[in-house]
Amino acid sequence: MDAAEFRKHGYRMVDWIADYWEKVEDRRILPDVKPGEIRSRMPQAAPEAPEPFDDIMADLDEIVMPGITHWQSPGWFAFFPANSSPPAVLGELAAAGLGVQGMLWATSPACTEVESQVMDWMVDLMGLPQEWKTTGPGGGVIQGSASEATHMAVVIARHVKSSQVTADDMVAYTSAQAHSSVEKGARVAGIGHLRLVETDANLAMSPAALSHAVAADRAGGLTPAFVGSTVGTTGTTAVDPLRAIGEIAGSEGMWHHVDAAFSGTAMICEEFRHYQDGLELVDSYVFNPHKWMLTNFDCSAMYLADRRPMIDALSITPPYLRNQATEGGEVIDYRDWQVPLGRRFRALKLWFVLRSYGAEGIRAKVREDVRLARWLTERVEAHPLLELVAPTTFSLVSFRHTGSDEETSRIAEGINSSGWAYVTASILDDRPLVRVSIGQTNTEARHVRRLWELIKQLTEEKT
């Protein structure tokens, strides 16, 4: 494919994406296929000879699209969003075209320096501690996911304690409502013990329960090494008390990591920043611009209060990676800030998004989604057959039917069978609930109003 052909097919591909976005609202969100059906439409062997690009584009429609779950639909209210936007896609296109491998500053200086600057911008935009800038003792780095960042935080915590005790005798703590990535990270890092700490009436981690668990483990000869707090849990967006947990972590010598994967984006609005009070007591922090900040996956922003323990844990320098800039200590080499060696130019799409929307555009998006969530919350609260299961802290509304669990499950199933809307059912206190996550790039008030009408209809139907 020469440059002329690339231009022709590239223009066609951009048109294809634009057409998809314009019509995605009319598509059924969940694909109607059986396991193995998409694969069965493909040949058993790779082509020996080149195929026309027209054939490839045709199969994009005929083979791929029937099996796509439409995360970019404005009727997407499931999980948390995995958003995209035109500037993000164009930034991704530029990164793919440049095709740089940014493992070292020397392998592509712009890849490192754009990322460092954009991550420092985010410190100011989100009210994070100034020490977290790359110009200070800490710094920010883009990881693939919040789970990656959490796993790495556990590895760093293990390394910090490794001179004192073996991993088998270390303990990691997190809320019983926390994301499973903490448990998985502890397992991957070989931490011997994990404690799921009790929560309070607001489903936030109880500092008293944490202190009790730590004391019991110390009495048993174990060493507390890591505690993971959450700003916006997956089930209900509950917020753990960061300051109280940070004080316990500091007094016990534990690494304190904060997972703000979805809700962290809200901190671009000052009115939400009281939820992150106590960040100066935190060792590492992560949130996902690829959830609520209009940037496509993968783009997970991780911050360290002090980058030295991370580099001590992860830096290995074979001869083929040595260079003058690195040896002179003048630069950041992000390969020391992650588990893999190689890394893509992920900062380019975030840079495009921040410049295209501006902070004011992102704030407007967050505030409108929160407004819509509160509008829906008020209607749930006023309905005699529905009840909230948790406060609507950000833009997630979690509720259930006041009657049987079967009626709650029927509401979720009815929404998802509609084709145009999709929610996630979950479990709390051994009972089902319905989660409505508002945050998809193109979701508007009319989509939330339509969803509410469907919820009312399903709630009031006679079983």
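The legends below describe close-up views of a predicted model.

Residues are numbered from 1 along each chain as its sequence is written. Because the model is predicted, local features need pLDDT of at least 70 and side-chain atom pairs count only at pLDDT 80 or more, whereas totals for chains, interfaces and linings use all residues, and side-chain values use heavy atoms, with hydrogens and water left out.

**View A. Cysteines Cys111 and Cys269.** With a disulfide taken as a pair of cysteine sulfur atoms within 2.5 Å, the count in this model is 0. For Cys111 the closest cysteine sulfur is that of Cys299, 12 Å away and therefore too far for a bond. Cys269 is likewise in no disulfide, its nearest cysteine sulfur, again in Cys299, being 18 Å away. Cys111 is buried at a relative accessible area of 1%, and Cys269 is buried at 0%, where buried means under 20% relative accessible area, exposed over 50% and partly exposed in between (1.4 Å probe, protein chains only).

**View B. Helix 4 and its two sides.** Helices (H or I, at least four residues) and strands (E, at least two) are DSSP runs numbered from the N terminus. Helix 4, residues 86-98, has 13 residues and reaches 19 Å from its first C-alpha to its last, close to the 18 Å expected at 1.5 Å a residue, the expected span being 1.5 Å times one less than the number of residues. Pro87, Ala88, Gly91, Glu92 and Ala95 of helix 4 are buried. They lie on the same side of helix 4, because they cover an arc of only 140° around the axis, as judged from the directions from the helix axis to the C-beta atoms. An α-helix has 3.6 residues a turn, so residues three or four places apart point the same way. On the other side of helix 4, Ala96 and Gly97 are exposed. Just after helix 4, Gly99 takes a positive phi of about 60°.

**View C. Strand 6 between strands 5 and 7.** In strand 6, residues 255-259, 5 of 5 residues are buried, with Trp255, His257 and Asp259 on one side and His256 and Val258 on the other. Strand 6 pairs in the parallel sense with strand 5 (residues 223-230) over 5 bridges, and with strand 7 (residues 284-287), also in the parallel sense, over 3 bridges, pairing being assigned if DSSP finds at least two bridges between two strands. Within these pairings, Ser229 stands opposite Val258 in strand 6, while His257 stands opposite Ser284 in strand 7.
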